[in-house]
Amino acid sequence: MKTLRRFVNFVCLLSLLLWCIFGILRLRSDKTMDVWMLPLPGNKTLLLTSHPNTFLEMTMLKNWPFRELHWWSGPGWQNVGPFRLWQIHHSIGWNPRFFRFHPLGADGIWGYEGYYVVPRSAPSAAPAVIDSYDRAVALGYPGPVPWGSADWYYGYARELKIPFHVLMRYTAIMPLLWLLTFYRRYRRQRHRKPDGLCLSCGYDLRASTDNCPECGQPVPSPALHKTS
């Protein structure tokens with residue numbers, strides 16, 4: 001039971017931490033775009049993007065050549081991290097509905113899977129991660145991108161976009177349940193204490209001196225006992 005309780009407390013603490021992080025990113029997204037690059041095993045790289053349009057974008061890049069822990073930040077969405085253009089891909093979307101309720105909001109979760117291109121800093125060089133959007137414009141964006149061009153890097157990726165309000169809604173569930181449970185436990189113990197009852201199980205402790213005969217919890221104080 002103690003192990004389960006510790007696990008639940010850990011999950012609640014983790015959910016609260018994520019809720020705070022998503023809340024901060026949601027506030028920053030009004031004026032700032034943040035991009036984190038996280039190298040992962042299996043020659044994969046994860047890009048986490050906090051968009052000015054108040055959603056979090058998670059992009060799993062395969063065989064990305066620039067694999068290191070990095071962070072970019074700036075106003076708007078241009079020239080913040082690598083500028084990616086989807087080429088041969090298909091859309092991903094999920095928005096379940098229960099009666100008239102959409103648990104993931106009006107937009108749900110959406111994204112892409114397939115091939116993308118990123119402008120290179122120079123022909124056959126590494127992908128541009130500084131002023132990447134300006135480099136794409138210099139190469140002819142928003143016009144067509146020649147397939148196989150040495151000026152562009154070609155890769156494969158999966159991408160999901162989740163609104164911040166959805167993330168904050170579901171990461172708040174566990175902390176709220178923990179707070180409700182704590183309040184109920186506090187009220188229960190508050191009523192049991194003056195009656196000389198065990199604060200854990202409610203057993204009558206007026207004839208006990210050391211531990212509760214029912215659950216084994218230590219008797220807090222002789223002051224809790226009431227003589228009949």
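Here is a chat between a student and a tutor about this predicted model.

Student: Let's start with the overall layout. How many helices and strands are in the chain?
Tutor: Reading along the sequence, you get the pattern α-β-β-β-β-β-β-α-β-α-α. Tally the symbols by kind, and the chain comes out at four helices and seven strands.

Student: What share of the residues counts as buried?
Tutor: A residue counts as buried when its relative accessible area is under 20%. The chain has 228 residues to put through that test. The share that passes is 34%.

Student: And what about the outside: what share of the exposed area do carbon and sulfur atoms supply?
Tutor: The chain exposes about 14500 Å². Of that area, the part supplied by carbon and sulfur atoms is 61%.

Student: Which element gives the largest share of the largest nonpolar core?
Tutor: That core has 14 residues, and those with the most contacts inside it are Val-35, Leu-61, Trp-64, Trp-72 and Tyr-116. The elements giving two or more residues to this core are β1 (32–40), β6 (109–119) and β7 (152–163). The largest share is three residues, and it comes from β1.

Student: Trp-72 is on that list. Which residues does Trp-72 touch, leaving out those up to four places away in sequence?
Tutor: Some of its partners sit at positions that belong to β1, namely Met-33, Asp-34, Val-35 and Met-37. The rest of the list for Trp-72 is Phe-66, Val-80, Gly-81, Pro-82, Val-129 and Ile-130.

Student: How many residues does the other core have?
Tutor: This other core lies apart from the one with 14 residues. Among its members are Phe-22, Leu-104, Ile-162 and Phe-164. Its count is ten residues.

Student: Let's look at β7. Is β7 mostly covered or mostly open, and how many of its residues are buried?
Tutor: β7 has a pairing partner in β3 (residues 55–62), antiparallel over eight bridges, and another in β6, antiparallel over ten bridges. As for cover, β7 is mostly covered, and of its twelve residues the number buried is nine.

Student: Which residue of β7 stands opposite Glu-113?
Tutor: Glu-113 falls in the range of β6, and β6 pairs with β7 in the antiparallel sense. For comparison on the β3 side, Leu-56 stands opposite Ile-162. Opposite Glu-113 you'll find Arg-158.

Student: Is Cys-12 buried or exposed?
Tutor: The cut-off for buried is under 20%. Cys-12 has a relative accessible area of 6%, so Cys-12 is buried.

Student: How does Cys-20 count, and how many disulfides are there?
Tutor: Cys-20 is at 36% relative accessibility, so it counts as partly exposed. A disulfide is a covalent bond between the sulfur atoms of two cysteines. In this structure the number of disulfides is zero.

Student: Where does the side chain of Thr-171 reach a backbone oxygen at 2.7 Å?
Tutor: Thr-171 sits in helix α3 (residues 164–171), and at 12% relative accessible area Thr-171 is buried. A polar atom of its side chain lies 3.4 Å from the backbone oxygen of Met-168. The backbone oxygen reached at 2.7 Å belongs to Leu-167.

Student: Which two residues does a cis peptide bond join?
Tutor: Look in the loop between α2 and β7, where Pro-142 is found. The bond has an omega of about 15°. The pair it joins is Tyr-141 and Pro-142.

Student: What is the phi of Phe-99, and is the residue buried or exposed?
Tutor: Phe-99 is in the loop between β5 (85–94) and β6. Its phi is positive although Phe-99 is not a glycine, at about 60°. With a relative accessible area of 80%, Phe-99 is exposed.

Student: Which loop holds Ser-124, and how does this residue count for exposure?
Tutor: Ser-124 has a phi near 65°, a positive value in a residue other than glycine. Its loop is the one between β6 and α2. At 59% relative accessibility, Ser-124 counts as exposed.

Student: How far apart in space are Ser-121 and Ser-132?
Tutor: Ser-121 lies in the loop between β6 and α2 (132–138), and it touches Ala-126, Pro-127, Ala-128 and Arg-135. In sequence, Ser-121 and Ser-132 are eleven residues apart. In space, C-alpha to C-alpha, the distance is 7.9 Å.

Conventions. Residues numbered from 1 in each chain as written. Predicted model: local features only at pLDDT ≥ 70, side-chain atom pairs only at ≥ 80, totals over all residues. Heavy atoms only, no water. Core = buried A, V, L, I, M, F, W, Y, C linked by side-chain atoms within 4.5 Å. Buried < 20%, exposed > 50% of the residue type's maximum accessible area, 1.4 Å probe, protein only. Contact = heavy atoms within 4.5 Å. Disulfide = S-S within 2.5 Å. Areas by Shrake-Rupley, 256 points an atom, 1.4 Å probe, with all protein chains shown as cover. Polar contact = N/O pair within 3.5 Å; in protein donor to acceptor, adjacent residues only side chain to side chain. Pairing = 2+ DSSP bridges.
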